[in-house]
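Got the viewer open? Here's a short walk through the model, one selection at a time.

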Amino acid sequence: MFDPDIAPSGTLLGLLQRGRGDGTLHALAAPRAEALAALNDSVLRDPRRDWQVENRSLYYARLYMQLDGGLEEIERHLFHPDDLVDTGEERTGLALAVLGHLAAYGKDAARLLLRSYAAAGSNWRWALDELALRDDDAGLMTLAPAVLARFPETEEGDAELATAVRDAFEPRPWRLWADDPRYGTRLAAAGEQGSFDRWQRQMRPRGPRPGWSVTEVLRWAEEGLEQPSGEHRHIAGARCLAAVAGPEDRPELLRAARSAPDAARAAVLHHLAERGDPDALDLIEDAVVDPFSSERLASAALAAFARMRSVAAVARARVWAPRADLLGAAAAAMLARRGGRRDAGPVLAALRRTVREEGPDADGLWELVDGTGRLGVGCAAPVLRHIYRETSSSHLRGRAAGALAATDPGFAAGFAVECLWDCEETTRELAARHAATGDDRVVEQLRRLAADPAEEAEVQTAVRSRFGLES
């Protein structure tokens, strides 16, 4: 996760960066040069808060097609000298994914650009995966010499090749090349080595062994932090405790929950919370409010509370919810997930407080937004609309749209129309089920989504159900 530089939501660039449906509509109405400049800026400087889960590529590819945009800016970005030093996927991944969609739409220039980058670029694996889905066998065969040349025929090079073959997201090119006598022998050996490496990892488990005691599990959990990678083993440790701890071990567990080192203490808190131990809630509260607790321990204690499903946990959440601290925020989130109508007030208060103090991108908003929709808190609509407009997270915007569908009578004729052009398929699906069809643009876009081979099946199913009901 990182914080990108996001333009104001009222600007064309800000709308496109957020992936809002209004971004497409405003771009199509703006001067073409201005629209293409904002589109290129969004693609070349990835605006997503979490680039690994938020969708933008299809959204941007569709707009390139509608604007008949060229690919010169993308080409300059991919083959910029920075590609030699900044090899992280986040620099080029969005541009490559956009090219993949454009290739699927039949844009030959996009396919050729992907081939060139797969042969020479640092993020060649991503480009190859895009081509594996969209290129023909002949095109993929032309890449074999350049890709295999990345792995010298040395012991180290062969090991790297085996890893590349084993970890390939799309195996089609490697299988195709393995059938060619020029490369088959080497790729067959690489495939066998990858399978052997996987088998070796399975034969060398590093976790607890049968017969371990509670003390040994807790020691193992704590040792994880001493590893070079700083492993967080408290969740795994809690699962192990579920297997080895008996009623006679409860005194030791309670002692550990109060005074053990952080990782062991966190494992015990999770274990006791999962079991619904009568002391779990008090121990969680102690761990969170103690001024000497580390941030890691407090976070683990709150996570243990969040996993609880008992009536007692909801009752305690009602006691904690008025607090203006981390415990109060966790309690409000619990009520948003599991509370009843009587809890609408605390959930709404927490939602307003979080937006006011932390802004429309605060991590704590997700469950509160869902909760206002689940509880049908109609007076939450104004703050939900604010979150929808301002958040830079397309996932959170989609959650806000879902809550508005349940709380705002004007949603169908308002934001639902815009959502038909949204970057997230779940938001488009929601819009397809709710958008009022009095606007000609709505019917036209619904038909366009139904006919687009790149559209997700769930969206097309929602569109077909609307036409079926209204025909």
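## First stop: a tucked-away tyrosine

Select Tyr 59: with a relative accessible area of 4%, this residue is buried, since the cut-off for buried is under 20%. Keep in mind as you go that the model is predicted. Tyr 59 sits in helix α4, residues 57–67. Show its contacts beyond four places in sequence and you'll pick up Leu 15, Leu 16, Gly 19, Arg 20, Gly 23 and Thr 24, as well as Trp 421, Asp 422 and Cys 423. For a sense of scale, draw a C-alpha to C-alpha distance to His 386: 23 Å in space, with the two positions 327 residues apart in sequence terms.

Next, click on Arg 18, in helix α1 (residues 12–18). What is the nearest side chain of opposite charge? Glu 390, 4.5 Å away; Arg 18 is buried yet has no salt bridge, because a salt bridge needs the atoms within 4 Å. Other contacts of Arg 18 farther along the sequence include Ile 6, Pro 8, Arg 56, Arg 389, Arg 397 and Cys 423.

Now hop over to helix α14, residues 214–223. Colour Val 214, Val 217, Leu 218, Trp 220, Ala 221 and Glu 222, which are buried. Turn on α15 (234–244), α16 (250–259) and α17 (262–275) to see part of what covers them.

Last, go to the surface and select Asp 82, Asp 86, Glu 89 and Glu 90, a patch of negative charge. Asp 86 lies in the loop between α5 (72–78) and α6 (89–104), and at 37% relative accessibility Asp 86 counts as partly exposed.

How values were computed. Residues numbered from 1 in each chain as written. Predicted model: local features only at pLDDT ≥ 70, side-chain atom pairs only at ≥ 80, totals over all residues. Heavy atoms only, no water. Helix = DSSP H or I, 4+ residues; strand = E, 2+ residues; numbered from the N terminus. Buried < 20%, exposed > 50% of the residue type's maximum accessible area, 1.4 Å probe, protein only. Lys, Arg positive; Asp, Glu negative; His and termini not counted. Contact = heavy atoms within 4.5 Å. Patch = residues over 30% accessible without salt bridge, like charges linked within 9 Å, V, L, I, M, F, W, Y side chains within 5 Å. Areas by Shrake-Rupley, 256 points an atom, 1.4 Å probe, with all protein chains shown as cover. Charge placed at Lys NZ, Arg CZ, Asp CG, Glu CD.
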